[in-house]
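Please walk me through this structure, starting from its interior and working outward. Keep it brisk.

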Amino acid sequence: MTVDRKAHWDRVYGEASEAQLSWHQDDPRVSFELIEMSGATANSSVIDIGGGTSRLASLLLATGLHDITVLDLSQVALDVAKERLGQAGETVKWISADITTWAPDRHYDLWHDRAVFHFLVDPAERATYLKSLVRGVSIGGHAIIATFAPDGPEKCSGLPVARYSPSDLAELLGESFELVVHRHHLHQTPSGKSQSFQFSLFRRCR
Ligand SMILES: C[S@@+](CC[C@H](N)C(=O)[O-])C[C@H]1O[C@@H](n2cnc3c(N)ncnc32)[C@H](O)[C@@H]1O
């Protein structure tokens, strides 16, 4: 299962240009705004789960953050992201791993996930993810989870997804996290379609 999933994403990133990736965005603005709202500073540590080839790491570096980790299942995506950043990317920690089997070995001030958690349609995998989330985020730290909203697409990259409202997510995350703020966002895909997303900012309270 894990091998097939990795092969899928390596193939997608190996074959498609950025303009063919429905989730591509030149500017991860909503994520960035919520990161600012979390009170992140230059010393905050951030992990981007399933960061793929997102511009978020580069935006955070440009803002002065220096403790940035990008995790993705696809080594192909990480290589593209790393190469694009050039020398600036040398301080980024790149982790090639499946979030459903990986366990963090440190705390992060901020956990960011745009369009990754929603692929976990198996409750057992969601449970493992949530365990890592609790383990990886310090008390007082934050998590941003962006998924397709209830009126969003039923598939992404040909794979089935689970769609969430902010309150669905709050219930799943349980009492260790409180919902701070949420945003509805209509993502315009490079091919001109609209996709309904929700972005939720949580604070780890216990
Ligand atoms: C829809 S893309 C979103 C990429 C990025 N977050 C963004 O906003 O541009 C989903 C990403 O999650 C990665 N991914 C999918 N399943 C994963 C898993 N189980 N563990 C880690 N990464 C995964 C894919 O390789 C891909 O880069």
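**From the core outward**

In this predicted model, the largest nonpolar core holds 44 residues. Those with the most contacts inside it are Val 46, Ala 57, Ile 68, Val 70, Trp 111, Ala 143 and Ile 144. Strand S5, residues 137-148, is the element that gives the most to this core, with 6 residues. In soluble globular proteins, nonpolar side chains tend to be buried together.

Take Trp 111 next. Leaving out residues up to four places away in sequence, Trp 111 touches Ile 47, Ile 49, Leu 133, Gly 136, Val 137 and Ala 143. Ala 143 is also among the core residues with the most contacts.

Now look at Asp 113. Asp 113 lies in strand S4, which covers residues 108-114. Is Asp 113 buried or exposed? Asp 113 has 22 C-beta neighbours inside 10 Å, and the cut-off for a buried residue is 20 or more, so Asp 113 counts as buried. Its contacts, again without residues up to four places away in sequence, are Ile 49, Gly 50, Ile 144, Ile 145 and Ala 146. Asp 113 and Ile 144 stand 31 residues apart along the chain, yet 6.1 Å separates their C-alpha atoms. Ile 49 appears in the contacts of Trp 111 and in those of Asp 113.

Helix H4 spans residues 75-85. Within H4, Val 76, Ala 77, Leu 78 and Ala 81 are buried. Gly 86 follows the helix, with a positive phi near 60 degrees.

The ligand comes next. It is surrounded by 19 residues. The closest are Trp 9, Gly 50, Gly 52, Ser 54 and Leu 73. Gly 50 is one of the residues that Asp 113 touches. What classes of residue make up the shell around the ligand? The shell has 9 nonpolar, 6 polar and 4 charged residues.

Finally, step back to the whole chain. The secondary structure of the protein chain comes to 6 helices and 9 strands. The radius of gyration is 16 Å, close to the 17 Å that the globule rule gives for 206 residues, so the chain is as compact as a globular protein of that length. Along the principal axes, the C-alpha atoms fill a box of roughly 45 × 40 × 30 Å. Of the 206 residues, 35% count as buried. Consider the contacts between residues at least 6 apart in sequence: 71% of these join residues at least 24 apart.

Methods. Residues numbered from 1 in each chain as written. Predicted model: local features only at pLDDT ≥ 70, side-chain atom pairs only at ≥ 80, totals over all residues. Core = buried A, V, L, I, M, F, W, Y, C linked by C-beta atoms within 7 Å. Buried ≥ 20, exposed ≤ 12 C-beta atoms within 10 Å, placed from the backbone. Helix = DSSP H or I, 4+ residues; strand = E, 2+ residues; numbered from the N terminus. Contact = placed C-beta atoms within 7 Å. Rg over C-alpha atoms; globule rule 2.2 N^0.38 Å. Near = placed C-beta within 6 Å. Nonpolar A, V, L, I, M, F, W, Y, C, P; charged D, E, K, R; others polar.
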